[in-house]
Structure formats: structure tokens, C-alpha cells
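Subject: Structure handover

Hi,

Here is the structure I promised to pass on to you. Please open it alongside this email, and I will go through what turned up.

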Amino acid sequence: MARNKKKRYLNMKRLNSVDWYRFRDLATKLIEFKAKISRSPIRAENWEEVIYAVLLYMEYEVTWEPTSHAKGVDLKVKINGEILRISAKGGKVTDNQKLTLSSYRLTRFGTLPKMLEFLNKNATELDIYLVCAREEEQDSVRYHIFRILPNVLVPDKALNPDNWEENDQGWKLKADVGFEANIVKKMSNQLWYSIPLEFSHLERLTVIKISKKDIGSTLVEILKALDKKKWQIRESLESYDS
């Protein structure tokens, strides 16, 4: 018990070493920029890149392997000699104001107890989930940025196999833990969460609203600017030759 308390203290110490207000402001700028230079939604892979660029700009030592398919840690940040381990996740905010997150495919573990054992172990090897969740509106898209501590998603009740009910689709968490969790068989036993936005352990850093008319709008402007620059260079060269 004492060891767990010490570990939680060290985890919070590493988390509190990050200026999250500055992180929020810089991430907002990058997401607004990315939305204007691409028609594609910002998903987990793009979000990893945003986190990497922001923390690097904040002058932290960041390790990120964009082509890695390793489970769990996506980015490592060295702060005062300590390593902060981050998992970047994409998600969706539904019409009923819930955060939908997909997690690991658990087929390889075979039984429910072994699946839960893996989830518990994995949570101890992470310090924070950073989530970028997309919400569709009629004329705009909203990106919600959340922080979630890994142990929050694997509370003691969720680690007890008796608190899960099996059916044809998979397993459903029966215990009241403040959110819903399902393991879906037809999706390789993938774990899915449905978390109310008012859930007390879900910390929203910010919400970024992008007008749909602005999404990808800069792409054509970039081409126009490049084309204009090309003609300016040509005219300059012709003037020099003459």
C-alpha cells in the first residue's frame, strides 16, 4: 500500500512539472492550423504529432516513434531527470455528451481474468492519457482535449471478473464505476469506454471550435501563394537576363 502511494505521488509530481496551461494554448494553435491545411479529421496519429511538437517547443526532451505499433506508451518526456509516459488517444463526443474511447484488442489473452490482468498492468506503465475527441455539429467541429489518469479507467471494481456479464456480443461491466465499459467479441475483444463528460475524473483542458467552411481552406491559398511566388521568381530572372 505504501509503495502504491509513493508511486502515485511520483506520477503526480511528474505531471505537475508540465505547464498544462501553456500546453493547452499551444495545442489549440496547432489544431486550428492543422484543421485549415487538411480536410481529414484529427485522429490519434495526428494528435500524437501535435503533442510531440508542443512539448518539443516547450523545450522538453521528447521521444516519439510515429511508425511504432507498440502498445501503451506513445511518447516519453524527460523532465528534471524523470520520464513522463504519455498515451495519446483519439475519441468522439456523442450527441448525449459522452466520450467514446476505444482501447486494446484483447483476444490474445484468452480469458476475461487475463484480459483484466493485462489492463491493470498496462495502467501501471503509463502516467497519463491525453485525449483529442471530435464532436460533430451542423456547421462546425469541436475538438475536446482531455487528461485522464490511467488507473481511473481500471478501478478495483472493473478488475473483478465477477463484475462483468458475458453475452453473445462480449462482456459488459455491471459495476457502477461512473462510466460504461464493454469488451466486444466481434472486434477482436476490443475494449470500449463510454464516459459522461461530467465524470469527476475526466479533466477537460479545452474545447476548440472549427467552422466547417474553414476546414482545409488554406490548401488552395497555399497553392496560390506558391504559384504567385514562382511567377515572381521567373519575372525577376527575366528582368536580370535582359
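Which residues make a nonpolar surface patch of about 290 Å²? The patch is made by I222, L223 and L226. One of these, L223, lies in helix α5, which covers residues 218–241. With a relative accessible area of 58%, L223 is exposed, because the cut-off for that class is over 50%. Before you go further, please keep in mind that this is a predicted model.

Now to the interior. The largest nonpolar core has 35 residues, and those with the most contacts inside it are L99, I148, W164, Y193 and I195. Two or more residues each come from β4, α4, β5 (128–136), β6 (140–148), β8, β9 and β10. The element that gives the most is α4, with six residues.

The aromatic rings may interest you too. The count comes to seven aromatic pairs. In one of them, the ring centres of Y104 and F118 are 5.2 Å apart and the planes stand at 85 degrees, so this pair is edge-to-face. Y104 belongs to strand β4 (residues 98–105) and F118 to helix α4 (residues 112–124), so the pair ties together parts that are 14 residues apart in sequence. Are these two residues buried or exposed? Y104 has 10% relative accessibility and counts as buried, and F118, at 16%, counts as buried as well.

F179 and Y193 form another pair, with ring centres 5.7 Å apart and planes at 75 degrees, so they too are edge-to-face. This pair links distant parts of the chain: F179 is in the loop between β8 (170–173) and β9 (180–184), while Y193 is in strand β10 (residues 190–196), 14 residues apart. Both F179 and Y193 are buried, and Y193 is also among the core residues with the most contacts. Elsewhere, ring pairs link W20, F23 and W47 into a cluster.

Two of these rings also have a charged partner. R147 places its charged end over the ring of W20, 4.8 Å from the centre. R108 lies over the face of F118, with a distance of 5.3 Å to the ring centre.

That leaves the salt bridges. How many are there? The count comes to 13 salt bridges, and here are some to look at:

- E125 and K121 meet through their side chains at 2.6 Å, N to O. E125 is partly exposed at 35% relative accessibility, and K121 is partly exposed at 49%.
- R134 pairs with E136, with the closest N and O atoms 2.5 Å apart. R134 is buried, with a relative accessible area of 18%, whereas E136 counts as partly exposed at 42%.
- E137 pairs with R142, with the closest N and O atoms 3.6 Å apart. E137 is partly exposed, with a relative accessible area of 27%, and R142 counts as partly exposed at 23%.

Which residues are joined into one network by salt bridges that share partners? They are R134, E136 and K212.

If you have only a moment, you could start with the pair of Y104 and F118, which is edge-to-face, and then turn to R108 over the face of F118.

Happy browsing, and best wishes

How values were computed:
Residues are numbered from 1 along each chain as its sequence is written. This is a predicted model: local features need pLDDT of at least 70, side-chain atom pairs count only at pLDDT 80 or more; totals for chains, interfaces and linings use all residues. Side-chain values use heavy atoms; hydrogens and water are left out. Patches are made of residues with over 30% relative accessible area and no salt bridge: like charges are joined within 9 Å, nonpolar side chains (Val, Leu, Ile, Met, Phe, Trp, Tyr) within 5 Å. Accessible areas come from the Shrake-Rupley method with a 1.4 Å probe; for residues, only the protein chains shown count as cover. A salt bridge is a side-chain nitrogen of Lys or Arg within 4 Å of a carboxyl oxygen of Asp or Glu. Helices (H or I, at least four residues) and strands (E, at least two) are DSSP runs, numbered from the N terminus. Buried means under 20% relative accessible area, exposed over 50%, partly exposed in between (1.4 Å probe, protein chains only). Rings of Phe, Tyr and Trp (its six-membered ring) pair if their centres lie within 6.5 Å; planes under 30 degrees apart count as stacked, over 60 as edge-to-face and the rest as tilted. A charge sits over a ring if NZ of Lys or CZ of Arg is within 6 Å of the ring centre and within 35 degrees of the ring normal. A nonpolar core is a set of buried Ala, Val, Leu, Ile, Met, Phe, Trp, Tyr and Cys residues joined through side-chain atoms within 4.5 Å.
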